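Student: I am new to this one. Can you take me through it?

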Amino acid sequence: MADIINLLPDNIANQIAAGEVIQRPASAVKELLENAVDAGATEIQLIIRDAGKELIQVIDNGKGMSETDARMCFERHATSKIKTIDDLFQIRTMGFRGEALASIAAVAQVELKTRMHNAELGTYLEIDNSVIKKQEPCQTAEGTSIAMKNLFFNVPARRNFLKSNAAEMRHVVDEFIRVAMAFPQIQFSLNSNSQNLFYLEKGSLKQRIIAILGQHYNARLVSVKESTDYMDVHGFVGKPETAKKTRGDQFFFVNNRFIKSPYLHHAIMNAFAEMIPADSYPLYVLFIDLDPAHVDINVHPTKQEIKFDDEKVMYAFVQAAVKHALAQFNITPTLDFEL
Ligand code: ADP
Ligand code: MG
């Protein structure tokens, strides 16, 4: 009987794996922004054309890569962020899977420019279909610029599956905001089709919230801060009067990673109970920090769903922290001048 099993060539394997990590322009935006954050950048620029279908470029002033690393970073499972299985339970970086750049290189044309701080010259690389087409030394700013063009040019089915530019751009902006919200100490900008949509200066969390979500929150944010040996929660909730009928101003971060948690959302809604109309949503931007050993961020490739080892404790703690914060604020007319 003839054997029929063969190993897939790398470029096909990469393309299949890419499907999990890069579903749309916004997923690439998230991965590239997180890489820039992990590289220690203090300034990050995102440049978009055609909602990311034509171009997604991230320019950072982070630590850059050596010539060898510049080639290596596009291999699957190539990462500088973990080395041993134990590291997996101590993650402090946004990335660790070593899959994003390999996936991006499998579904777009990529141009990389990177230079380490003490290097005289940087490296320029061009990649097409996971294959390095060109490599040469180049003059470039310290840090890294990655441009990905024509997303899914080689996977027409997937390209056709993309939504309208308006819809894809909304996802791009959402991802941008989530990362920018988590790191107010980093300057971020977003330029789309040559228009500047955001320019966020370095500052406090409060300044970042107001810069992103609007001036009307000025003087209408209540600080939340509470800690135990097990975890720490800090951030802001909006005063009850700012609750809206629409969602969009709700953010949870666990160890600086944006997460979706209907469960913790419920804890906050409960803390606000009676203070706001039943069908409205208060602003919250809350950061929960705890020992990475107590969280499993490995549940899903996009890392938006995570598992805590004790969800109930988390629920009670978040709810109590928000209740305390709300109890402290006294109901006086809101004045609009302080920041
Ligand atoms: P991961 O982030 O999970 O490690 P990626 O595929 O996103 O995997 O990146 C692979 C590696 O390339 C990273 O571990 C890092 O060493 C390097 N890298 C990626 N982006 C940058 C960047 N903007 N600046 C410096 N190094 C980077
Ligand atoms: Mg990464």
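Tutor: We will go through the domains, their contact and the core.
This is a predicted model, where local features need pLDDT of at least 70, side-chain atom pairs count only at pLDDT 80 or more, and totals for chains, interfaces and linings use all residues. Residues are numbered from 1 along each chain as its sequence is written, while chains are lettered from A and ligands numbered from 1 in the order in which they are written.

Student: What separation do the centres of domain 1 and domain 2 have?
Tutor: The bounds come from an automatic or database domain assignment. Domain 1 covers 10–200 and domain 2 covers 215–328. Taken over C-alpha atoms, their centres are separated by 29 Å.

Student: Which element gives the largest share of the side of domain 1 that touches domain 2?
Tutor: Contact means C-beta atoms, placed from the backbone, within 7 Å. Here 11 residues from domain 1 and 11 residues from domain 2 take part. Helices are DSSP runs (H or I, at least four residues), numbered from the N terminus. On the domain 1 side, α1 (10–21) and α6 (165–182) give two or more residues, and the largest share, three residues, is from α6.

Student: Which element gives the largest share of the largest nonpolar core?
Tutor: Such a core joins buried Ala, Val, Leu, Ile, Met, Phe, Trp, Tyr and Cys residues through C-beta atoms within 7 Å; buried means 20 or more other C-beta atoms within 10 Å of a residue's own. This core has 84 residues, and Ile 104 and Phe 176 are among those touching the most other members. The largest share, eight residues, comes from α6.

Conventions. Two residues are in contact if their C-beta atoms, placed from the backbone, lie within 7 Å. A residue is buried if 20 or more other C-beta atoms lie within 10 Å of its own, exposed if 12 or fewer, and partly exposed in between; C-beta atoms are placed from the backbone.
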